[in-house]
Amino acid sequence: MKFDGYIKFGEQAESYGEQYVKPDLNAVKYPANVFRLNAFINLLNQIKPAKVLDVGCGTADPLLAMRAQGHEVHGFDYAKEMVDVAKRNVKRAGYSEDIIHHNNMEDIQGIEKGAYDCMVALGAVYYARDFHKTISGMAELLPSGGNLIMSLRNDMFSLYSMNDYSVEFMYRKFYPHEKLSGDLRKRLDAFMEDHHKVEDVEKAFKTIDDRLIHTYNHNPLTVEEEILKPHGLKQKGLYFYHFHALPPVFEHSDTEEFRKLSAEFENNPADWRGLFMCSTFIVHAQKI
Ligand SMILES: C[S@@+](CC[C@H](N)C(=O)[O-])C[C@H]1O[C@@H](n2cnc3c(N)ncnc32)[C@H](O)[C@@H]1O
């Protein structure tokens with residue numbers, strides 16, 4: 001069974017903020033979310049919105065970092081444990097607990113249209129059970145000209161990862177497998193198996209896929225047509241984070257070198273190579 005994101009994240013509420021307190025390339029997990037946060041803050045500093053809503057705010061560590069840059073940010077989360085930790089954190093930082101509340105991004109209640117001219121969602125919307133309903137509801141609340149900045153999982157990374165995801169991607173997106181004659185189909189299957197051996201490497205850490213949380217992946221090249229235009233949004237920019245300097249299997253065997261080289265790419269979130277080298281990307285959209 002695949003778990004709903006908020007349940008799984010609620011269980012980690014007490015420890016989830018540690019990644020922001022001591023970002024460390026050699027921690028169990030690569031500090032991708034710190035790079036993500038920096039990219040969001042850079043965008044907010046350019047846009048200068050009046051009032052920001054952080055959707056799926058987690059422990060509120062990112063919200064506090066945005067506030068430290070002078071942005072008026074409120075946040076909500078659906079995991080009760082996350083809301084409790086977030087309230088505790090903002091109170092400790094000297095803010096009212098009321099800047100955090102409980103809500104569901106898939107069916108947002110109690111927020112008036114135009115109350116926020118910017119919505120940010122860091123690592124949140126791809127956990128929705130109904131992705132389009134979620135984006136539609138969020139876009140609905142924005143005023144014309146309002147901004148939506150969200151991170152998404154990059155389907156195209158499969159072409160770079162050189163593993164079973166690559167094979168699956170090629171069959172799903174490229175090969176007309178069902179049209180091939182029986183013999184050619186068998187030879188193609190054997191060819192793919194030969195060229196993409198499953199690596200027998202002991203994993204040094206878990207990824208989101210090991211955690212069995214349901215997520216959506218998106219293609220940065222089609223995101224405007226597929227998920228922005230249908231909801232009255234236009235694309236303003238695409239940015240990349242969580243670069244992989246080498247195929248991801250090497251992160252388990254050569255962690256230090258792999259991460260040092262990968263982190264160097266994070267200095268340029270607009271680098272086109274992120275289309276392939278990054279497992280995640282950021283979309284900056286604007287309500288028409
Ligand atoms: C990967 S965490 C990211 C947290 C935070 N934005 C950050 O960057 O540190 C995803 C968050 O989305 C929340 N979430 C998942 N489903 C949600 C929903 N339906 N409504 C609101 N929040 C949700 C989870 O509870 C979790 O706190």
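Me: How many residues of the shell around the ligand are nonpolar, polar and charged?

Reply: The classes are fixed by residue type: Ala, Val, Leu, Ile, Met, Phe, Trp, Tyr, Cys and Pro count as nonpolar, Asp, Glu, Lys and Arg as charged, and the others, Gly among them, as polar. Here the shell divides into eleven nonpolar, seven polar and two charged residues. This is a predicted model, in which local features need pLDDT of at least 70 and side-chain atom pairs count only at pLDDT 80 or more, whereas totals for chains, interfaces and linings use all residues. Residues are numbered from 1 along each chain as its sequence is written.

Me: Which residues are the closest to the ligand, and which helix gives the most to the shell?

Reply: A residue is near a molecule if its C-beta atom, placed from the backbone, lies within 6 Å of it. The ligand is surrounded by 20 residues, of which G56, G58, Y78, A79 and L122 are the closest. Helix α1 (residues 5-11) gives the most, with four residues; helices are DSSP runs (H or I, at least four residues) and strands likewise (E, at least two), numbered from the N terminus.

Me: What is the sign of phi at A60, and is A60 buried or exposed?

Reply: Most residues other than glycine have a negative phi. A60, although not a glycine, has a positive phi of about 75°, and is found in the loop between β1 (52-55) and α5 (61-68). A residue is buried if 20 or more other C-beta atoms lie within 10 Å of its own, exposed if 12 or fewer, and partly exposed in between, with C-beta atoms placed from the backbone. A60 counts as buried because it has 31 C-beta neighbours inside 10 Å.
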